[in-house]
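Subject: Structure for you to look at, with notes

Dear colleague,

I am passing on a structure that I would like you to open and turn around while you read. My notes follow it, and they are meant to be read slowly, with the model beside you.

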Amino acid sequence: MNCTLFLLTQSCIFVYILNSHSMNKLKRYFWLIETLKERPMSLKELSRKWQNSSQNDDKGTLSRRTFQEHKNAINALGIGVEIVYEPTIRCYVLKSDPDNSSPVTR
C-alpha cells in the first residue's frame, strides 16, 4: 500500500510517496516526539512506554539501535525539534528551535 504525505515546513512543501514500512517508521517518529514532549525519559522508560502504546501494532520492542536510528532520522528532518541526551539527568529530551514556527513544537 502506498500513500502520499504532504509535510509543510516553513515555506516548503515536501511530498513523499510512502510504502507501509515507511509509514510505520513515521508513526514511530511522531510517537517518539509526542512522548518526549511530555517529559524527559530514559531509553528504558521509552521502551516500556512503547511496549504498552496503542501505536505499537506489532507489539515489537524499541531496541537501543532502533531508538538511535529514529532519533537520528528525527534530528535530520529539519522540523525544528531535536532529540538529545542530557547526561546530568540521564535522559533523552526534546529540544526545539525557538526561531522555528513548526507546529510540531507546539
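A residue is called buried when its relative accessible area is under 20%, exposed when that area is over 50%, and partly exposed in between. With that cut-off, Ser 53 counts as buried because its relative accessible area is 8%. Ser 53 sits in the loop between H2 and H3, and, once its neighbours within four places in sequence are set aside, its contacts are Trp 31 and Lys 59.

Please keep in mind that this is a predicted model. The mean pLDDT of the protein is 81, and 72% of the residues reach 70 or more. The start of the chain calls for care, since pLDDT stays under 50 over residues 1–6, although the model has 21 contacts beyond four places in sequence for them. Over residues 8–15 the pLDDT is likewise below 50, and there the model shows 13 contacts beyond near neighbours in sequence.

As for the overall plan, the protein has three helices and four strands, and along the sequence they follow the pattern β-β-α-α-α-β-β. Of the 106 residues, 34% count as buried. Among the contacts with a separation of 6 or more, 36% are between residues that lie 24 or more positions apart.

The interior is a good place to begin. The largest nonpolar core has 17 residues, and those with the most contacts inside it are Leu 32, Leu 36, Leu 46, Phe 67, Ile 74 and Ile 83. Helix H1 (20–38), helix H2 (43–51), helix H3 (64–76) and strand S3 each supply at least two residues of this core, and H1 gives the most, with six residues.

Two of these core residues are worth following one at a time. Phe 67 touches Leu 32, Leu 43, Leu 46, Leu 62, Ile 83 and Tyr 92, if residues up to four places away in sequence are not counted. Ile 74, which belongs to helix H3, is buried, with a relative accessible area of 0%. Which residues is Ile 74 in contact with, leaving aside its neighbours within four places in sequence? They are Tyr 29, Leu 32, Ile 33, Val 81 and Ile 83. In the case of Tyr 29, the two residues are 45 residues apart in sequence, yet their C-alpha atoms are 6.6 Å apart in space.

Helix H3 itself has 13 residues and reaches 18 Å from its first C-alpha to its last, which is close to the 18 Å expected at 1.5 Å a residue. Its buried residues are Thr 66, Phe 67, His 70, Lys 71 and Ile 74. These buried residues lie on the same side of H3, because they cover an arc of only 135° around the axis. On the face of H3 turned away from that buried side you will find the exposed residues Arg 64, Arg 65 and Ala 76. Just after H3, Gly 78 takes a positive phi of about 70°.

From there you can move on to the last two strands. Strand S3 (residues 81–86) and strand S4 (residues 91–96) run antiparallel and are joined by six bridges; in one of these pairings, Val 81 has Ser 96 in S4 as its bridge partner. S3 and S4 form a hairpin with four residues between them.

Finally, there are two residues whose backbone angles deserve a second look. Arg 90, which is found in the loop between S3 and S4, has a phi near 55°, a positive value in a residue other than glycine. Arg 90 counts as exposed because its relative accessibility is 64%, and the cut-off for exposed is over 50%. Lys 59 lies in the loop between H2 and H3, and its phi is also near 55°, again a positive value in a residue other than glycine. Is Lys 59 buried, partly exposed or exposed? With a relative accessible area of 48%, Lys 59 is partly exposed, and you will remember Lys 59 as one of the contacts of Ser 53.

With best wishes

Conventions
Residues are numbered from 1 along each chain as its sequence is written. This is a predicted model: local features need pLDDT of at least 70, side-chain atom pairs count only at pLDDT 80 or more; totals for chains, interfaces and linings use all residues. Side-chain values use heavy atoms; hydrogens and water are left out. Two strands pair if DSSP finds at least two bridges between them. A nonpolar core is a set of buried Ala, Val, Leu, Ile, Met, Phe, Trp, Tyr and Cys residues joined through side-chain atoms within 4.5 Å. Buried means under 20% relative accessible area, exposed over 50%, partly exposed in between (1.4 Å probe, protein chains only). Contact means heavy atoms within 4.5 Å. The expected span of a helix is 1.5 Å times one less than its number of residues. The arc is that of the directions from the helix axis to the C-beta atoms. pLDDT is the predictor's confidence in each residue, from 0 to 100.
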